Amino acid sequence: MRRVAVIGVGVTKFGKHDRTSAELFAEAAGDAIRDADVAPSAIQALYYGNVTGGEGEKQLHMGPLAATLLGIPTIPTTRFENACATSHAAFRHAVMEIGAGVSDIVMVGGAERVLNIPTDAATEYFAYCSDASWEQSVGLTFPGVFALIARAHMDKHGTTEEQMAHVAVKNHRHGVLNPKAQFRKEITVDMVLKSAYVADPLKLLDCCPFTDGGAAVVLAAEEVARKRPRSVWVLGTQAASDTMFMHEKRDLSRVMATERAAAAVYRQAGKTPADVDVVELHDCFTIAEIVATEGLGFFEPGLGGVAAEKGWTSLGGKIPVNPSGGLKAKGHPIGATGAGQIAEITTQLRGEAGPRQVEGARTGLTHTLGGNTATVLVSLFGRG
């Protein structure tokens with residue numbers, strides 16, 4: 001397999017927009033093309049991620065639409081849908097296309113627009129990413145899924161609501177430093193604990209928001225990337241799955257797909273968790289970040305909450321997690337989230353993240369979780 005690098009990144013401001021998701025992607029992709037310093041005509045394929053376009057915008061067949069808006073309507077396009085892990089899954093397939101020698105330069109990313117529809121409708125559409133036969137029919141939505149995970153983690157390890165609140169406080173503090181973040185305001189542990197319950201024990205400020213936004217990255221083969229000193233290399237990218245049925249998961253305090261994908265990517269890259277300097281991971285709910293930091297190997301099982309409470313995952317801590325603000329503060333446009341994480345890690349490894357820069361970062365990791373923990377993508381990146 002040929003080596004692959006990220007040579008260009010682009011991200012819109014996350015939050016509420018009046019433009020379509022395809023138009024949001026076009027903005028991010030245009031920025032990524034300029035950042036990569038390539039002509040649009042040099043792009044040989046487009047991998048595009050979107051989840052709710054059919055329900056929210058009455059728009060399917062979005063790959064060719066995105067390419068048309070970019071002025072490159074004749075290139076091969078593919079739309080991906082893997083719940084919240086959509087554009088990270090698209091990224092992995094784009095890496096394989098270049099690695100296999102099929103293409104030299106590929107655009108990958110995604111976009112989502114959901115703030116144009118009522119919250120109850122958006123909640124219903126997101127729930128379509130869980131099992132329709134047994135779980136949607138009894139009212140299980142994603143706050144409910146992660147409330148079950150939180151209770152299991154609390155029962156097994158003694159994790160507290162205060163520790164989960166520290167995740168939210170930390171990511172909002174980081175989000176203040178990110179001009180593209182949806183929420184740029186600090187919150188306190190007391191504010192989190194006093195916010196309204198959504199699904200016990202999760203409260204409103206334990207939950208990430210609905211978000212509009214787009215993100216894109218340009219990938220290139222080594223022959224192209226070597227000519228660009230700001231290239232960031234893909235050291236490994238892996239996917240893992242787990243049963244869709246919540247009642248079949250053996251231990252709700254763990255996300256087995258995260259553990260399998262992480263083990264595979266460390267093996268592929270010849271790295272260990274101790275080699276990682278900066279992380280962007282899937283904090284759709286505060287408990288999700290705690291469980292992920294354990295599953296990715298940064299902390300022993302049961303210590304993820306302690307790590308958040310003690311500041312080990314803050315900027316300046318042992319292993320900075322979500323310096324962008326994460327899904328919690330930066331926002332979560334589900335079709336764009338994975339590409340947005342990759343863009344942030346690329347920016348960090350280039351040393352271009354400004355006030356949220358993790359000093360000396362050489363190796364970065366992205367982790368994106370899809371649906372009811374049934375899909376996980378983990379990728380590693382490095383300089384040099």
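This is a short tour of side-chain contacts in a predicted model, with suggestions for what to select at each stop.

**Stop 1: the cysteines**

Start by showing the cysteine sulfurs. Across the whole structure, the search turns up zero disulfides. To see why, select Cys129 together with Cys84: the sulfur of Cys84 is the closest cysteine sulfur to that of Cys129, yet the two are 6.2 Å apart, too far for a bond. A disulfide would need the sulfur atoms within 2.5 Å. While you are here, turn on a surface and look at Cys129, which is buried at 15% relative accessible area.

Now move to Cys207 and Cys208. What separates the sulfur of Cys207 from its closest cysteine sulfur, in Cys208? The gap is 7.5 Å, so this pair is also too far for a bond. Cys207 is buried as well, with a relative accessible area of 12%.

**Stop 2: a salt bridge between a strand and a helix**

Next come the charged side chains, where the search of the whole structure finds 21 salt bridges. Select Lys203 and Glu161 and draw a distance between their closest N and O atoms; you should get 2.6 Å. Colour by secondary structure and you will find Lys203 in strand β6, residues 202–203, and Glu161 in helix α7, residues 161–175. The pair therefore ties together parts that are 42 residues apart in sequence. Both Lys203 and Glu161 are buried.

**Stop 3: a salt bridge inside one helix**

Go to helix α8, residues 189–194, and pick out Lys194 and Asp190. Their side chains meet in a salt bridge, with 3.3 Å from N to O. Looking along the helix, you can see that the two residues are four apart, a separation of about one helical turn. Are these partners buried or exposed? Lys194 counts as exposed, at 66% relative accessibility, while Asp190 is partly exposed at 42%.

**Stop 4: Arg356 and Glu344, then a network**

Now select Arg356 and Glu344, another salt bridge, whose closest N and O atoms are 2.9 Å apart. Arg356 sits in the loop between α14 (337–350) and β10 (363–370), and Glu344 belongs to helix α14; the pair links distant parts of the chain, 12 residues apart. Switch the surface back on for this one: Arg356 counts as buried at 9% relative accessibility, and Glu344 is buried at 5%.

From there, select Asp35, Arg230, Arg350 and Glu352 as a group. Salt bridges that share partners join these four residues into one network.

**Stop 5: the aromatic rings**

Time for the rings: seven aromatic pairs are found in the whole structure. Put Tyr125 and Tyr128 on screen, where the ring centres are 5.8 Å apart and the planes meet at 50 degrees, so this pair is tilted. Tyr125 is buried, with 19% relative accessible area, whereas Tyr128 is partly exposed, at 38%.

**Stop 6: charges over tryptophan**

Finish with two tryptophans. Select Trp233 and Arg3: the charged end of Arg3 sits over the Trp233 ring, 4.0 Å from the centre of that ring. Then jump to Trp312 and Lys318, where Lys318 lies over the face of Trp312 at 3.9 Å from the ring centre.

Key:
Residues are numbered from 1 along each chain as its sequence is written. This is a predicted model: local features need pLDDT of at least 70, side-chain atom pairs count only at pLDDT 80 or more; totals for chains, interfaces and linings use all residues. Side-chain values use heavy atoms; hydrogens and water are left out. Buried means under 20% relative accessible area, exposed over 50%, partly exposed in between (1.4 Å probe, protein chains only). Rings of Phe, Tyr and Trp (its six-membered ring) pair if their centres lie within 6.5 Å; planes under 30 degrees apart count as stacked, over 60 as edge-to-face and the rest as tilted. A charge sits over a ring if NZ of Lys or CZ of Arg is within 6 Å of the ring centre and within 35 degrees of the ring normal.
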